[in-house]
Amino acid sequence: MILACSHIKKQFHDETLFSDVTFHINRGERTALVGSNGTGKTTLLKIIVGEQTADGGEATIAKDTTVGYLPQQQGYYSDNTIYDELLSIKSDIVELDKNIREMEQDMQHASGAELEELLQKYHRLQTEFEAKDGYACKSRIMGIINGLGFADRDVSQCINTLSGGQKTRVALGKLLLLEPDLLILDEPTNHLDLSSIQWLENYLSGYKGSVLVVSHDRFFLDRIAGKVIEIDNGTVTVFTGNYSVYAQKKEQLRNTLRKQYENYQRNIKHQEEVIEKLRSFNREKSIRRAESREKMLEKMAPVEKPSEPGRTIHFELSPEKISGKDVLAVENFAKAFGSNHLFEHIHFEIKRGERVALIGKNGTGKTTLLKILCEREQADVGTAKLGTNVEIGYYDQEHNLLHDDKTIFEEIHDDYPDLNHTKVRNVLAAFLFTGEDVYRKIALLSGGEKGRVSLAKLMLSKANFLLLDEPTNHLDIESKEILEEALNRYTGTVLYVSHDRYFIQKTATKILDLTQHKLLSYEGNYDYYLEKKEVMEHLHLSPDDQNSPFARPESEAKLDWKEQKDREAKRRKIENHFRRTEEAIQNMEERIAEIDDTMCLPEYSSDVGRLTELSKEKEALSHELELALEEWEKYAEELEQLPV
C-alpha cells in the first residue's frame, strides 16, 4: 500500500465538503478520482500532498515514497527554455556527463599511476552513467516534449513566454521525467490535443509507479484506470475497474438501493395498514396481534433513502427558424500569421442537421477557422457562403464575448431585454445560478462558471447553426452528458471543436480533421474516424507541392506509413497481453483475499481438511501471481520502450 486516506473530513464556512473519506491505493495501481464539480476532488488532492489541512482524519503516504503532483493551474516562472527546464530534472546525469568529458581530456595528458587512477574513476562514472540510462536521457526528453504536443522548434522557447496551458504541459513533462512512486494528476488532459492525450494514455499504461488522477475525460479514464474512487454527497465509494465498469456498477448500485428503499417503504406501509386494521376489530386477540406487529416494526432496520444525483445543468437547444438544406460552403480557405501557415486550399460543405466535429493538433488553426466563419477573423484567401435563413450562435472557449464588468444577471438581461426578472432568474437557475449568485461579476467567475453563462446565452439565442469552441471544457461528466443529449435532440446544425473523444463519439455525424495544412473529411463518428484514419492519411497526405514545408518524398511517406502501421500492430499486441495479464493478477488477488477471509470464518476453525485445502490453493495462487507480476512488468517495460 502506497497511500491510505482514513476518515478525512473538510469543511468550508461551516459547510461540510466531505466527511469520512477512507480509501487506499496499492503500489502500481492507476486510480481515478471522480465526482461532480464542487464535490472536493481538487481539495482532497491538496490535502494528500499537504497543501491544505484536513479538519479530521489523515492521509498517510508510505515511508520513502516520492510524490509528484500536477495541479490544474501552473503559476511558476523560469528563464529556462522548455528543453533546459526538462533537462534540469536530470541534473545528476548532466553533471556525470560533464565529469566524464573532463576526465577524457585529463587522460590525454596523464600517465603511470595518475592515468591508472583516472581510468578506474572513469570506469566507475561510466558504469553509473549507464545505470542511470544517461545515453538515452536527451532523446527521452525530446520524446516527452514531442509527445506533449510541442514541436522541435518550440524547445528553445522561454518558460516565461508560455501560456498557462503550455506551462502545465511543461510541468507534466517534468513530473514524467522524475518518475515519482506516486503520480497525482489534476485534469492532466485539459491542455492536450487528441494525439497528446493518446500519447499520455500509452505512457501511463506502462508507468511503473502508482497514479491517482482527476479527469472528466471518459475515454482517458477507460484507458488508464483500474480503480475508480467516487466522491458523492460528501462520502466516497470505491469501484474496481475502469470508468465504463464504474458507470455500469454505479447505475446498478443506484437501482438496487432505490429498490431496497421502495421495498422497505412498501413493507412499512403494509404493516401499518395491517396494524390499523387489527386495532379496528377492537378485540383482545386482534389488539395483541397488532401490538406484536408494532414491536416487530420497531425492530426493523431502517433503510435510508438513497441520495439523488447532485444538481446539474438542464437546458434545451431549439432554433427559431429552419435553415435551408445547404448551411455552409467553404471554398479555398487559407490563413497564415506571418510565417506561421495554418491551412491552405480548405474546401468543405455542411448540410442542415449535421453535427460536425473539427479536430486536429493544437496550433493547426481550428479556433481560427471558427472565428473566420463568425467574422471575428478574416481569411487570407477564399470564401465562406452561408445558406438561406442561417443564423449563427457562437460559443467561445475563452469567453471573450462575456463582459467582465457586468453581473451574471446583467449579461443575460442586457442581451435579451424582453425577458423579465423572473424569466432571467429561471434561465440562470437552469444553469445552477441561484439566489445572490446572479449578482456576481463575470470577472470573478471560474472557467466552469463562465462556460455555464455562455451556454445559457447560447440556449437563448435560438440560432440554427451553432459554432462551438471546446464546449465541454470545465464541465463535469454529468453536465457533458446533458450537453450531449441537448445537441443530439437539436434540430439545427452544429460545427464544434473538441478534444473530448467520448463527446465526439456520442454526438458527431461527421468529422473534419485539420492536419498538415489540409482538411480530411470522415462521414461518421469517432470510431469510424479511427477505422479510416490510416487509409485517408495515406491517400491524401503525400504532398504534391514539393515546396511545401511539409513536403517529403513519396517513397519516404509510404515507408513511414508502413512503419507506423507495424508499430501500432506491435503495440496493440503487447497491450492485449498486458491487459489480460493485469486482469489475471486482479482475479488472483481477489481469490487470495477471499481465501484469507474464508479461513478466518469460525465454522472452519476446526476443519483441518478444509483449511489445508484452502492453504494449498492459496500457495499455488501465490506462485502463479508471482509469475504473472513478472510477466506484467515485462510487458510494461516493452510498452514504455516502444516509440510513440
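Is Asp-415 to be counted as buried, partly exposed or exposed, and what is its relative accessibility? In this predicted model, Asp-415 has a relative accessibility of 37% and therefore counts as partly exposed, since that class lies between the limit of under 20% for buried residues and that of over 50% for exposed ones. The setting of this residue is described below, after an outline of the whole chain.

The protein has 644 residues, of which 44% count as buried. Its secondary structure comes to 19 helices and 18 strands, and its C-alpha atoms fill a box of roughly 115 × 80 × 45 Å when taken along the principal axes.

Salt bridges in the model come to a count of 35. One of them joins the side chains of Asp-415 and Lys-457, with a distance of 2.9 Å from N to O. This pair links distant parts of the chain, given that Asp-415 belongs to helix α12 (residues 408-415) and Lys-457 to helix α14 (residues 447-461), the two being 42 residues apart. The partners fall into separate accessibility classes: whereas Asp-415 is partly exposed at 37%, Lys-457 has a relative accessible area of 13% and is therefore buried, the limit for that class being under 20%.

Another salt bridge is formed between the side chains of Lys-618 and Asp-596, at 2.8 Å from N to O. Here too the pair links distant parts of the chain, with Lys-618 in helix α19 (residues 608-641) and Asp-596 in helix α18 (residues 554-599), 22 residues apart. Lys-618 counts as partly exposed because its relative accessibility is 29%, and Asp-596, with a relative accessible area of 29%, is likewise partly exposed.

Helix α19 also holds a salt bridge within itself, between Arg-610 and Glu-613, whose closest N and O atoms are 2.8 Å apart. Because these residues lie three positions apart in the helix, about one helical turn separates Arg-610 from Glu-613. Arg-610 is partly exposed, with a relative accessible area of 24%, and Glu-613 is partly exposed as well, with a value of 48%. Beyond these pairs, a network of salt bridges links Glu-201, Asp-217, Arg-223 and Arg-501.

Charged side chains also gather on the surface, where Glu-95, Glu-102, Asp-106, Glu-114 and Glu-117 make up a patch of negative charge. Residues enter such a patch only if they have over 30% relative accessible area and no salt bridge. Two helices, α3 (91-107) and α4 (112-131), each supply at least two residues of the patch, and the largest share, three residues, comes from α3. Glu-95 has its place in helix α3 and, at 41% relative accessibility, counts as partly exposed.

A buried position is found at Thr-507, which is part of helix α16 (residues 501-507). Its relative accessibility of 1% is the reason why Thr-507 counts as buried. The side chain of Thr-507 nevertheless makes a polar contact, at 2.6 Å, with the side chain of Tyr-496.

Technical notes
Residues numbered from 1 in each chain as written. Predicted model: local features only at pLDDT ≥ 70, side-chain atom pairs only at ≥ 80, totals over all residues. Heavy atoms only, no water. Patch = residues over 30% accessible without salt bridge, like charges linked within 9 Å, V, L, I, M, F, W, Y side chains within 5 Å. Areas by Shrake-Rupley, 256 points an atom, 1.4 Å probe, with all protein chains shown as cover. Salt bridge = Lys/Arg side-chain N within 4 Å of Asp/Glu carboxyl O. Lys, Arg positive; Asp, Glu negative; His and termini not counted. Charge placed at Lys NZ, Arg CZ, Asp CG, Glu CD. Helix = DSSP H or I, 4+ residues; strand = E, 2+ residues; numbered from the N terminus. Buried < 20%, exposed > 50% of the residue type's maximum accessible area, 1.4 Å probe, protein only. Polar contact = N/O pair within 3.5 Å; in protein donor to acceptor, adjacent residues only side chain to side chain.
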